[in-house]
Amino acid sequence: MKHLLSCLLIMFGLIQQIVSAQNRPPLAEVFDVNEMTFNGKVKRFFSFSEFEKYFGTSDSIHLLVDVQPCSYIFENDDATKDLKDKYLYKDGSRFENSGDKVAVDEFRFTGRNYIRYKNVKLNRFTKLRKLKKLFPNAVDQIAEIEVQGEGRLQIIQLREDADNFSDGHINVFLKNGRLYYMHWWFPC
C-alpha cells in the first residue's frame with residue numbers, strides 16, 4: 001500500500017509539472033547583437049576612435065568609480081575595475097569606455113539615433129506593431145513600470161543568449177507607444 005501511495009504521489013507531482021510547464025508563457029526572444037548596428041555603423045562593442053567618428057564628442061564624461069554602477073561591462077578577469085574607466089554620454093545615450101574599448105550601455109532613440117536589427121530600421125517613430133513582428137513573445141509579455149525620472153513606461157525584456165547563460169537581459173522601453181530607449185541590464 002505504501003508503494004502504491006508513493007507511486008501516486010510521484011505521478012501527481014509529474015502531472016503538476018507538466019500542467020505548469022504548459023501554462024508558462026513562451027520565452028522572450030534573444031536579441032542577437034550580431035544582427036544589429038547602431039546608426040547603421042557600429043555593433044555594441046567598438047573602438048574609441050569609432051565613437052568619435054560616428055557619435056562625435058561626448059556631451060559629458062563621468063568616471064565609473066564616481067558613479068559606482070553595480071556591474072561593469074569591461075570588468076577585468078580578476079573582477080577588478082580600472083580606475084580610469086568612464087561613462088561617455090552622448091545625446092542621452094550612455095556608453096562605457098575602458099582604454100580604447102567602448103560599449104553601448106544605454107541607447108536613446110533621440111534625433112536621428114536608430115538601430116538596424118535584422119535589416120529592419122528601428123527609431124523613435126517605431127511603434128509596438130513593428131516590434132511585435134521581430135519579438136512576438138516578448139511583446140506579448142509587455143509590462144508597464146515606473147522609471148525614475150521618466151514616469152511610467154512600457155517595457156519589453158529580451159534575452160541575451162539562447163542558452164540562458166547570462167543573468168542579464170535587454171530592456172526595451174516605449175513611451176507614448178513608440179520606441180524610446182534600450183538598456184543592457186545585469187543584476188548586481
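**Entry 1: the largest pocket**

I began with the lining of the largest pocket and sorted its residues by class, which gave 14 nonpolar, three polar and eight charged residues. The model I am reading is a predicted one, and I keep that in mind throughout. The pocket holds about 670 Å³ of space, and of the 25 residues that line this pocket, the closest to its centre are Ser71, Ile73, Trp184, Trp185 and Phe186. I then asked myself which strands each supply at least two residues of this lining. I found two named, strand S5 (93-98) and strand S12 (178-185), and I noted that S12 gives the largest share, three residues.

**Entry 2: the largest cavity**

Next I looked for enclosed space, and a search of the whole structure turned up one cavity of 30 Å³ or more. The largest cavity has a volume of about 50 Å³. I wrote down its lining, which consists of Phe31, Phe109, Ile115, Leu122, Leu131, Phe135, Val172, Leu179 and Met182. How many of these lining residues are nonpolar, polar or charged? I counted nine as nonpolar, with no polar and no charged residues in the lining of the largest cavity.

**Entry 3: the protein as a whole**

I stepped back to the overall layout and recorded five helices and twelve strands. Buried residues make up 36% of the 188 residues, while the protein exposes about 11800 Å², of which carbon and sulfur atoms supply 53%. For contacts between residues at least 6 apart in sequence, I noted that 49% join residues at least 24 apart.

**Entry 4: Arg94**

I turned to a single residue of strand S5, Arg94. Is Arg94 buried or exposed? I entered Arg94 as buried, because its relative accessible area is 18% and the cut-off for buried is under 20%. The side chain of Arg94 makes a polar contact of 2.5 Å with the side chain of Asp105. Asp105 also appears in the list of contacts that I made after leaving aside neighbours within four places in sequence, a list that further includes Tyr87, Leu88, Tyr89 and His183. Glu106 is another contact of Arg94, and although these two residues are twelve apart along the chain, their C-alpha atoms are separated by 4.9 Å.

**Entry 5: Asn171**

My second single residue was Asn171, which lies in strand S11 (residues 169-175). I recorded Asn171 as buried, because its relative accessible area is 7%. The side chain of Asn171 makes polar contacts with two side chains that I looked up separately, that of Gln157 at 3.2 Å and that of His169 at 3.1 Å. Beyond its neighbours within four places in sequence, Asn171 is in contact with several residues, among them Ile155, Ile156, Tyr181, Met182 and Trp185. I noticed two names from earlier entries here, since Met182 lines the largest cavity and Trp185 is one of the residues closest to the centre of the largest pocket.

**Entry 6: two loop residues with positive phi**

Last, I checked backbone angles, remembering that most residues other than glycine have a negative phi. What is the phi of Asp91? I found a value near 50°, which is positive in a residue other than glycine. Asp91 sits in the loop between strand S4 (86-90) and S5, and I classed Asp91 as partly exposed because its relative accessible area is 40%. Asn176 also has a positive phi, near 55°, and its place is in the loop between S11 and S12. With 74% relative accessibility, Asn176 counts as exposed.

Notes:
Residues are numbered from 1 along each chain as its sequence is written. This is a predicted model: local features need pLDDT of at least 70, side-chain atom pairs count only at pLDDT 80 or more; totals for chains, interfaces and linings use all residues. Side-chain values use heavy atoms; hydrogens and water are left out. Helices (H or I, at least four residues) and strands (E, at least two) are DSSP runs, numbered from the N terminus. Buried means under 20% relative accessible area, exposed over 50%, partly exposed in between (1.4 Å probe, protein chains only). Contact means heavy atoms within 4.5 Å. Accessible areas come from the Shrake-Rupley method with a 1.4 Å probe; for residues, only the protein chains shown count as cover. On a 1 Å grid over the protein atoms alone, a cavity is a set of points where a 1.4 Å probe fits but cannot get out, and a pocket is an open set with protein on both sides within 12 Å along at least five of seven lines; lining residues have an atom within 4 Å of a point. Grid points are joined across faces, edges and corners, and a volume is the space filled by probe spheres set on the points. Ala, Val, Leu, Ile, Met, Phe, Trp, Tyr, Cys and Pro count as nonpolar, Asp, Glu, Lys and Arg as charged, and the others, Gly among them, as polar. A polar contact is a pair of N or O atoms within 3.5 Å; within protein, one must be able to donate a hydrogen and the other to accept it, and residues adjacent in sequence count only if both atoms are side-chain atoms.
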